[in-house]
Amino acid sequence: MAKYVVLYEDERQDQNNLTSDLLKGHVEFLRNLCSQGRILLCGPLKSNGYNCGKGLLVFEANSQEEVESCVVKDPFIAQKWYAGYHIYEWIEANDSNNYLMF
């Protein structure tokens, strides 16, 4: 399995439209995938102490298509709380691969 980084971008600025149902649906989506071991990390990004309108998820999956099929089911994406997202395969550098020094 490979690791993928998903970057949610362009969060809506009108926080009044963040309904409790939308937030609960997003949290349930995350809990479900975390319990399956598919999401390793997730959360909003901050810049200079403030939410910068982006979110990050790190998936473990067999393919980018598998990740995308999950992401489009997230209520934050399906209901356009975030305007878009990008998926990148992540090659983790660590001691077991000599930090990618070949």
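How many residues sit between S2 and S3 in their hairpin? The legends below take that up along with other close-ups of this predicted model.

**View 1. The S2–S3 hairpin and its turn.** There are two residues between S2 and S3 in this hairpin. Asn 48 is in the turn, with a positive phi of about 55 degrees, even though this residue is not a glycine. Its relative accessibility is 74%, so Asn 48 counts as exposed. Away from the turn, strand S2 covers residues 39-47 and is joined to S3 by seven bridges, with the two strands running antiparallel. One pair to look for is Leu 41, which stands opposite Val 58 in S3.

**View 2. S3 against S1.** S3 also pairs with S1, again in the antiparallel sense and over seven bridges. Pick out Val 6 here: its bridge partner in S3 is Leu 57.

**View 3. Leu 57 and its surroundings.** Set aside the neighbours within four places in sequence, and Leu 57 still has plenty to show. Among its contacts are Tyr 4, Val 5, Val 6 and Tyr 8, and strand S1 spans 2-11. The list also takes in Leu 30, Ile 39, Leu 41 and Cys 42. Helix H1 runs over 20-35, while S2 is made of residues 39-47.

**View 4. The largest nonpolar core.** This core has 20 residues, and those touching the most other members are Tyr 4, Val 6, Tyr 8, Leu 57, Phe 59, Val 67 and Val 71. At least two core residues come from each of S1, H1, S3 (50-61), H2 (64-71), H3 (75-78) and S4 (82-90). In soluble globular proteins, nonpolar side chains tend to be buried together.

**View 5. Tyr 99, after the last strand.** Follow the chain into the segment after S4 and you'll come across Tyr 99. This is another residue other than glycine with a positive phi, here near 50 degrees.

**View 6. Stepping back to the whole chain.** Three helices and four strands make up the secondary structure, in the order β-α-β-β-α-α-β from the N terminus on. The C-alpha trace spans about 50 × 30 × 20 Å along its principal axes. Of the 102 residues, 30% are buried. Among contacts with a separation of 6 or more, 69% link residues 24 or more positions apart. The accessible surface comes to about 6,800 Å², and carbon and sulfur atoms account for 51% of that. As for charge, there are 9 positive and 14 negative side chains, with the centres of the two sets 6 Å apart.

Key:
Residues are numbered from 1 along each chain as its sequence is written. This is a predicted model: local features need pLDDT of at least 70, side-chain atom pairs count only at pLDDT 80 or more; totals for chains, interfaces and linings use all residues. Side-chain values use heavy atoms; hydrogens and water are left out. A nonpolar core is a set of buried Ala, Val, Leu, Ile, Met, Phe, Trp, Tyr and Cys residues joined through side-chain atoms within 4.5 Å. Buried means under 20% relative accessible area, exposed over 50%, partly exposed in between (1.4 Å probe, protein chains only). Contact means heavy atoms within 4.5 Å. Two strands pair if DSSP finds at least two bridges between them. Accessible areas come from the Shrake-Rupley method with a 1.4 Å probe; for residues, only the protein chains shown count as cover. Lys and Arg count as positive and Asp and Glu as negative; His and the chain ends are not counted. The place of a charge is taken as NZ of Lys, CZ of Arg, CG of Asp or CD of Glu.
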